[in-house]
Amino acid sequence: MSQVIDIYTDGACKGNPGPGGWGALLVAGEHKKELFGGEANTTNNRMELLAVIRALESLKNISEIRLHTDSQYVQKGMTEWIDGWIKRGWRTASKEPVKNADLWQQLQKLAQPHKIDWIWVRGHNGHPGNEAADELANRGIGVI
């Protein structure tokens with residue numbers, strides 16, 4: 001594996017549900033890539049997940065990644081909850097269907113080949129990468 005890729009992701013929603021956007025900033029050394037998009041009727045959590053999915057889809061090689069998200073839903077989902085969901089057939093501990101299972105399954109498959117460190121950062125707290133991802137997510141709402 002070559003250099004570590006830093007990925008900063010964020011999702012945004014105007015109303016929940018409502019119009020939403022996702023954004024991702026990928027940084028590898030001097031190289032930067034910005035990604036963003038939106039959906040007309042969605043939720044904040046779906047946009048948080050989609051930001052990570054789109055970022056991982058854009059990678060050309062198996063990579064070592066530091067993935068920075070302000071979503072505890074994404075971070076805990078991938079580091080604490082997903083194994084239990086899979087064992088229970090995509091059901092929560094209380095036997096309810098996992099919300100956004102379609103996106104979790106897609107994310108799990110995309111994350112598999114990579115070495116990913118899932119890092120939670122406090123949102124709207126001046127973290128440059130998170131602020132850039134937030135800006136991209138809001139730009140994504142504008143493209144709907």
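Helices (H or I, at least four residues) and strands (E, at least two) are DSSP runs, numbered from the N terminus. Axes are lines fitted to C-alpha atoms, for helices over the stretch in contact, and angles run from 0 to 180 degrees between N-to-C directions. Contact means heavy atoms within 4.5 Å. The model looked at here is predicted, so to speak of a local feature takes pLDDT of at least 70 and side-chain atom pairs count only at pLDDT 80 or more, while totals for chains, interfaces and linings use all residues. Residues are numbered from 1 along each chain as its sequence is written, and side-chain values use heavy atoms, with hydrogens and water left out.

The sheet comes up first. It is an open one, made of 5 strands in the order β3-β2-β1-β4-β5, with mixed pairing. The strands at the edges are β3 and β5, each of which pairs on one side only. On average, neighbouring strands of this sheet are turned by 20° against each other, direction ignored. Two strands are said to pair if DSSP finds at least two bridges between them. Strands of a sheet pair through backbone hydrogen bonds, either parallel or antiparallel.

Going through the pairs, β1 and β2 are antiparallel and share 8 bridges; here Tyr8 has Leu25 in β2 as its bridge partner. These two strands form a hairpin with 4 residues between them, and Gly15 in the turn has a positive phi of about 90°. Pro17 sits in the loop between β1 and β2, and the peptide bond leading to Pro17 from Asn16 is cis, with omega near 15°. Next door, β2 and β3 also run antiparallel, joined by 10 bridges, and Gly20 stands opposite Glu39 in β3. This pair makes a hairpin too, with 2 residues between the strands and a positive phi of about 60° at Gly29 in the turn. As for β2, 10 of its 11 residues are buried (under 20% relative accessible area, with exposed meaning over 50% and partly exposed in between, for a 1.4 Å probe and protein chains only), so β2 is largely enclosed by the rest of the structure.

The other pairs are parallel. β1 and β4 are joined by 5 bridges and run parallel, with Asp6 matched to Arg66 in β4. β4 (residues 64-69) pairs with β5 in the parallel sense over 6 bridges. Two of the partnerships are Ile65 with Ile116 in β5 and His68 with Ile119 in β5.

Helices pack against this sheet. Helix α1 (residues 44-57) touches β1 (5-13), β2, β3, β4 and β5, and its direction makes about 150° with that of β1. Helix α2 (residues 72-87) lies across β4 and β5, running at about 140° to β5.

Two loop residues have an unusual-looking entry in common with the glycines above: a positive phi. Lys95, in the loop between α2 and α3 (101-111), has phi near 70°, a positive value in a residue other than glycine. Lys95 counts as exposed, at 59% relative accessibility. His124 is in the loop between β5 (115-120) and α4 (128-142), and its phi, near 50°, is likewise positive in a residue other than glycine. With 58% relative accessibility, His124 counts as exposed. Leaving aside neighbours within four places in sequence, His124 is in contact with Asn130, Glu131 and Asp134. From His124 to Asp134 it is 10 residues in sequence and 8.3 Å in space, C-alpha to C-alpha.Last comes the largest pocket. On a 1 Å grid over the protein atoms alone, a pocket is an open set of points with protein on both sides within 12 Å along at least five of seven lines, whereas a cavity is a set where a 1.4 Å probe fits but cannot get out; lining residues have an atom within 4 Å of a point. Grid points are joined across faces, edges and corners, and a volume is the space filled by probe spheres set on the points. The largest pocket holds about 310 Å³ of space. Its lining has 16 residues, of which Ile5, Ala28, Leu59, Lys60 and Ser63 lie nearest the centre. Strands β2 (18-28) and β3 (31-42) each supply at least two residues of that lining. By type, the lining divides into 6 nonpolar, 6 polar and 4 charged residues, where Ala, Val, Leu, Ile, Met, Phe, Trp, Tyr, Cys and Pro count as nonpolar, Asp, Glu, Lys and Arg as charged, and the others, Gly among them, as polar.
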